[in-house]
Amino acid sequence: MSSAEQTLLRHLIKQPQATIFELVANSKMSLTEVEQVLAGLLRQNRILEQLREGKRVFSTRFQFKRQTVRNMPTVVLNLLQQTADVFLVEAPITSELDDQTRDQLLRLAEKCTLLPDEVMAWQGQKTERIWLVQQGLLAQTRLKGIQTRQRRGYLHCGSWIGLSESLSEAPMTTTYTAVAPTTLLAWSASDFLTFASQQSMLAYSLNRYLSQRLVACQQAHLQKQSKLWVIEGVHPQAGVTTFAYNLACLAHQQADLDEDGRTLFWALGHKDEPQSLFPNGATAVSEKHVGPATIVTHASNLDVLTKVEPSGYAPQVQLDMLLTDLLAQYEYIICDTGSGREDELLLRLRGQAHTLITLTQTKEGADAGLQRWAALQPYSFPGQKRVLALNGAVGATTTVDPRFHLVIPADSTAVATAQAQQAPVVQAAADSPLCQSLHEVYRRLSLDHAVALFVPSTVDVNQQVDNSNQVKATLSFLGNLFGGATSSNAEGAWRSEESGLVTEQVTIVRTFVSKKALEAHLDDIIHFAADLKQDMKQEAVAISVDNQLILV
């Protein structure tokens, strides 16, 4: 090592997490010289570069053998024991390669581990490597000014990083930092692309993966992450219009609306004029045109699509043009499509829905609902969420077919009150069981991400402890943060060198969150898990984000 490298290392051993300005002051070297020396130490993997509270800090890197992680359910234990070659069998791009090609690619890879807050790549720099996340969690952050950050999202198991930048020879647009201990497979960009040019199947898989990313990016740009919820009925009089209208009112009331984010109700399956649904605000405040659609704003400030002028194009073209215009202006579009099956526009709209809700008022309607979904498959949007609901259920819900995702109670009193006041149920009968059910339906549909925290129940191999206080604290923390949480018990297993396979109970606390809330508070969850780990004297605590494992 050079004398300059030794000088910086001695200082970092004495003072970890030193800023570059502190290193300059203590080493008596210039800023440029310190940058050059640090770059060399980073390439040698001798030091750690982290981004903490908006500051770039450095520490020495020490190697250590990780201890066995305890209190894990068996399915999580299996994930921890997954080898790199098994992981590549399931990872995007490499899953379609033959065993020989996959082995050759793996031999070119280097396995690296990032510690919390460690920087993997900085925005603005050209990447010399391509990464594949095997385990853990990375944050994408756009640094915009002094200690100013804009979170762009998170990447977890199976995410590729640096592919498009390497192919386009463009710099990174975001900074990548580890949120929790993260394991990656890394390739030299030149080695990876040379290998891809020699392997036709890898080149094909790479092309398809990037094409899918491009389409997803275009859709996100056009639709602004808007939500299209479509409600249909298995049979007439299934309560589709009442359900959809009240859902639209809830979305309108509870969404954070601004000039570019409103709620639109589209009564496409309602045979009468849509205005007849809104006697309390029937007088139109304003009328506008969005493409071929005529949209009326009522006194309640809810926008209602009243008419769509035929364009003369094929139904799929007409629908794509219309949705492109609408999703660019509305945060939520709630559509009542009735029970008809003869109109191709109806079928295609149901297929394009981000969430399709199928209602029936008969307990035997589950088969009919599943048959409708099967017939809709040629029109269906990839990854569509489908919900089968029993509407107007009477009696004990324990006898309901388990294939139903939702059970909406019959509540004639609430409906009659709403009709008498000429207002939606969620306004006229706010304390009714039906209103409470609709609120819960809206909450579940709008929260499309899942977070779970595993609370252990033992310490020191097999010493049972009461974890009730920790479970209550976790429920309280997640409940206050996201509005609700539930807990359930599961059987965990871990392998002890002294005692062999040890099984025990673990409590899983779950909650459902929106994307915005997840990105805003995931760091808080990580910090809570770290405190829980210290409190219960664990080597690690597991968190699941959208069924992806994170160890803290």
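**Group meeting talk: one chain, strand by strand**

Let me start with a single residue. Serine 544 has a relative accessibility of 14%, under the 20% cut-off, so serine 544 counts as buried. Where does serine 544 sit? Its place is in strand 26, residues 542-545. What does serine 544 touch, leaving out residues up to four places away in sequence? The list is Ala450, Val451, Ala452 and Phe454.

Keep in mind that this is a predicted model.

Now the overall numbers. The protein chain has 552 residues, and buried residues make up 48% of them. Its secondary structure comes to 18 helices and 27 strands. Take the contacts between residues at least 6 apart in sequence: 68% of these join residues at least 24 apart. The accessible surface is about 27500 Å². Carbon and sulfur atoms account for 49% of that surface.

On to the sheets, beginning at the N-terminal side of the numbering. Strands 1, 2 and 3 belong to an open sheet of 3 strands. Its order is 1-3-2, and the pairing is antiparallel. Which strands are at the edges? They are strand 1, residues 18-19, and strand 2, residues 47-52. Each of these edge strands pairs on one side only. Strand 2 runs antiparallel to strand 3, residues 55-60, and 6 bridges join them. One register point: leucine 51 has arginine 56, in strand 3, as its bridge partner. A helix packs on this sheet too: helix 3, residues 31-43, touches strand 2 and strand 3. The direction of helix 3 makes about 110° with that of strand 2.

Next, a sheet of 4 strands. This one is also open, in the order 4-11-6-9, with antiparallel pairing. Why is one side of strand 4 and of strand 9 left without a neighbour in the sheet? Strand 4 (110-114) and strand 9 (160-161) stand at the edges, and each has a single partner strand, so one side of each stays without a neighbour. For strand 4, the pairing with strand 11, residues 182-188, is antiparallel and covers 5 bridges. Within that pairing, lysine 111 stands opposite leucine 185 of strand 11. Helix 8 packs on this sheet, and its contacts are with strand 6 (129-135), strand 9 and strand 11. The angle between the directions of helix 8 and strand 11 is about 65°.

Stay with helix 8, residues 189-198. Its buried residues include Ala189, Phe192, Phe195 and Ala196. Looking down the helix axis, the buried residues fall within an arc of 135°, so they line one face of helix 8. On the other side, Ser197 and Gln198 are exposed.

Two cysteines are worth a stop. Cysteine 112 has 15% relative accessibility, so cysteine 112 counts as buried. Cysteine 157, with a relative accessible area of 28%, is partly exposed. How many disulfides does the structure hold? The count is 0. As a reminder, a disulfide is a covalent bond between the sulfur atoms of two cysteines.

A brief look at an aspartate. Aspartate 103 lies in helix 6, residues 99-107. Is aspartate 103 buried or partly exposed? At a relative accessible area of 37%, aspartate 103 is partly exposed. From aspartate 103 to alanine 84 is 19 residues along the chain, and their C-alpha atoms are separated by 10.0 Å.

Now for parallel pairing. Strand 17, residues 330-336, is mostly covered, with 6 of its 7 residues buried. Which strands pair with strand 17? One is strand 12, residues 227-233, which runs parallel to strand 17 and is joined to it by 5 bridges. There, tryptophan 229 stands opposite isoleucine 334 of strand 17. Another is strand 13, residues 262-266, again parallel, over 5 bridges. In that pairing, threonine 263 has tyrosine 332 of strand 17 as its bridge partner.

Last stop: strand 20, residues 406-409. Which residues make up its covered face? Leu406 and Ile408 do, while Val407 and Pro409 form the uncovered face. Strand 20 runs parallel to strand 19, residues 385-393, and 4 bridges join the two. Proline 409, on the uncovered face, is the bridge partner of alanine 393.

That is the tour. Questions, please.

Conventions:
Residues are numbered from 1 along each chain as its sequence is written. This is a predicted model: local features need pLDDT of at least 70, side-chain atom pairs count only at pLDDT 80 or more; totals for chains, interfaces and linings use all residues. Side-chain values use heavy atoms; hydrogens and water are left out. Buried means under 20% relative accessible area, exposed over 50%, partly exposed in between (1.4 Å probe, protein chains only). Two strands pair if DSSP finds at least two bridges between them. Contact means heavy atoms within 4.5 Å. The arc is that of the directions from the helix axis to the C-beta atoms. Axes are lines fitted to C-alpha atoms, for helices over the stretch in contact, and angles run from 0 to 180 degrees between N-to-C directions. A disulfide is a pair of cysteine sulfur atoms within 2.5 Å. Accessible areas come from the Shrake-Rupley method with a 1.4 Å probe; for residues, only the protein chains shown count as cover.
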